[in-house]
Amino acid sequence: PAPGFAPFEPAAAPVPAAAPAPQGEVRVEEGWTVIRRRVTLAHPPAAVWAHFSDPAAVIRCLRGAQLDSREGEDFTGHVAVGFGPIAAKFEGEGRFETDEAARTGRVTGRGKDRGGQSSVAGGLDFALAPGETEAETRADVALRFRIEGRLGQFNRPELVNGLVDHLLGDFVANCDAVLGGGPAPAPRKLGIGALIRMLLATLRRR
């Protein structure tokens, strides 16, 4: 027999406050996904600049990325990504330019996955400035990229917005750890878990 309905008394439970919305925007311009964000690192500008002006140090803090070789401002490297049954390892080359006086930098590059079914091209501009206190640094980041092939669906702003926030949060935490004297994070592939967390965060904001 079907069980009867059991009455119950509602119980109040504390709800954690939502995380503040990231500062910035994401849009599509002539087929390119363009993302602008502002983040804060808990270290003074001089220390953050020393870290950001070293490509090897920066790449160690970015999930899935690895520097393979470097000669002057030019470099080669790869980024490994995996979304469920879809996996790709983008291999390519780029250029890393910095302006020490202005504390700005630009990274440009392009690459293809080993299977040849996807390709990516893009650029990243960053500018450092003092934060609200002497122990903080504000970083303004502008990312421009285009993915073609089977991973092209990740050009969509509704997916990219949350994914970039997740990656930036991970990147800032890794940079803060290294600048604080901790070990560099172990290389990790960007996987399905990150995508699920990103989608849930996007739904909560909506």
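**Exercise 1. Determine the order of the elements along the chain and describe the overall make-up of the protein.**

Solution. From the N terminus on, the order is β-β-α-α-β-β-β-β-β-β-α-α. This amounts to four helices and eight strands, where helices (H or I, at least four residues) and strands (E, at least two) are DSSP runs numbered from the N terminus. The model is predicted: local features need pLDDT of at least 70 and side-chain atom pairs count only at pLDDT 80 or more, while totals for chains, interfaces and linings use all residues. Residues are numbered from 1 along each chain as its sequence is written, and side-chain values use heavy atoms, with hydrogens and water left out.

Next, consider burial. Of the 206 residues, 34% are buried; buried means under 20% relative accessible area, exposed over 50%, and partly exposed in between (1.4 Å probe, protein chains only).

**Exercise 2. Establish how strand E7 pairs with E6 and with E8.**

Solution. Two strands pair if DSSP finds at least two bridges between them. First, take strand E6 (residues 104–113) and strand E7 (residues 118–130): they pair in the antiparallel sense over nine bridges. Thr104 has Ala127 of E7 as its bridge partner. The two strands form a hairpin with four residues between them, and Gly116 in the turn has a positive phi of about 75 degrees.

Second, turn to strand E8 (residues 137–149), which runs antiparallel to E7 and is joined to it by 13 bridges. Here Phe126 is partnered by Val141 in E8. The hairpin from E7 to E8 passes through six residues.

**Exercise 3. Identify the members of the largest nonpolar core that touch the most other members, and the elements that supply the core.**

Solution. A nonpolar core is a set of buried Ala, Val, Leu, Ile, Met, Phe, Trp, Tyr and Cys residues joined through side-chain atoms within 4.5 Å. The largest one has 25 residues, and Leu41, Phe52 and Leu128 touch the most other members. At least two residues each come from strand E2 (32–41), H1, strand E4 (74–83), strand E5 (86–99), E7, E8 and helix H3 (157–179). H3 gives the largest share, five residues.

Then examine Leu128 itself. Setting aside neighbours within four places in sequence, Leu128 is in contact (heavy atoms within 4.5 Å) with residues including Val48, Trp49, Phe52 and Ala139.

**Exercise 4. Decide whether His51 is buried or exposed, and list what it touches.**

Solution. His51 lies in helix H1 (residues 45–52). Its relative accessibility is 7%, so His51 counts as buried. Residues up to four places away in sequence aside, His51 touches Ala57, Val58, Cys61, Cys175, Val178 and Leu179.

**Exercise 5. Trace the salt bridges that involve Arg95 and place the residues on the scale of exposure.**

Solution. A salt bridge is a side-chain nitrogen of Lys or Arg within 4 Å of a carboxyl oxygen of Asp or Glu. The whole structure holds seven. In one of them, Asp74 and Arg95 meet at 2.7 Å, N to O. This pair links distant parts of the chain, since Asp74 is in strand E4 and Arg95 in strand E5, 21 residues apart. Arg95 also meets Glu97, at 3.6 Å, N to O.

As for exposure, Asp74 is partly exposed at 37% relative accessible area, Arg95 is partly exposed at 32%, and Glu97 is partly exposed at 32%.

A further salt bridge joins Arg146 and Glu148 (3.8 Å, N to O). Finally, salt bridges that share partners join Glu73, Asp74, Arg95 and Glu97 into one network.
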